[in-house]
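Biologist: Before accepting any description of this model, I should like to hear the criterion behind each term.
Modeller: Then let us proceed term by term.

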Amino acid sequence: MYTLVYTINNDDNAEIVYINLTNACTNACIFCLRTQKDDVCGREMWHDDNYELEDIIEQFNKYEKTAKEVVFCGYGEPFLRKEMMKSFCKYLRKNFPYIRIRVNTNGHANAIYRTNVALEFKGLIDSVSVSLNASDEDQYDEICKPKIKNAYDAMLDFAKSCKAIGIDVSMSVVTGFDKIHNIDVKKCEDIATSIGANFRNREFITNGY
Ligand code: SF4
């Protein structure tokens, strides 16, 4: 079975446990780890989405004594498997209500499904980390190469939708991955702040996390 659940450094006692729901994504970011390597800490991350909820639960079992936070992340956009994510969130809420649940997302969900997806996850997730990546649409399109229209506005809209229903929102940029894209970090921070989100500047690390 391929990697659906993993931890950094393969730590069996990790407090943060990551879920690799899908390899599909509506972005093709120029800094995406997927373009550099096939694994995280030796765990092969590519798969064909052909699995059941029970497979996630089975892989999660070994971490259930130490897990304090579950993060939907991995090699793709988690909301593209939103029903699977919902099912696993419900499993966690029922069996481990103290575990915090975060989703790292490109923020396209509302645009993809043409509905307020954030609302569907009210009470199921505690926080989202939305990839802001740029201070305007043109730069966003250059860096993230979105496969949907109006992706930048869609991403901002999703962050606002989450904030509106009490989900903690962080927005991030990745800097230092090349010399061409000069990201206006201050402007990005102002955008995040105006939405009521926390802001994070993630320095790019080659082959890193
Ligand atoms: S949104 Fe995430 S998974 Fe998708 S291409 Fe960008 S970095 Fe990769």
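**Terms and criteria**

Modeller: The ligand is surrounded by Cys25, Asn27, Ala28, Cys29, Cys32, Arg34, Gly76, Glu77, Asn106 and Ser131, where a residue counts as near if its C-beta atom, placed from the backbone, lies within 6 Å of the molecule. This is a predicted model, in which local features need pLDDT of at least 70, side-chain atom pairs count only at pLDDT 80 or more, and totals for chains, interfaces and linings use all residues. Residues are numbered from 1 along each chain as its sequence is written.

Biologist: How does the shell around the ligand divide into nonpolar, polar and charged residues?
Modeller: The shell holds 4 nonpolar, 4 polar and 2 charged residues; Ala, Val, Leu, Ile, Met, Phe, Trp, Tyr, Cys and Pro count as nonpolar, Asp, Glu, Lys and Arg as charged, and the others, Gly among them, as polar.

Biologist: What is the span of helix α2 set against?
Modeller: The expected span is 1.5 Å times one less than the number of residues. Helix α2 (residues 82-95) has 14 residues and reaches 20 Å from its first C-alpha to its last, close to the expected 20 Å.

Biologist: Which residues of α2 are buried?
Modeller: Met84, Met85, Phe88, Cys89 and Leu92 are buried in α2, that is, 20 or more other C-beta atoms lie within 10 Å of their own (exposed: 12 or fewer; partly exposed: in between; C-beta atoms are placed from the backbone).

Biologist: Why are the buried residues of α2 said to line one face?
Modeller: Seen down the helix axis, they fall within an arc of 135°, so they line one face of α2; the arc is that of the directions from the axis to the C-beta atoms. The face turned away from the buried side carries the exposed residues Glu83 and Lys94.

Methods:
Helices (H or I, at least four residues) and strands (E, at least two) are DSSP runs, numbered from the N terminus.
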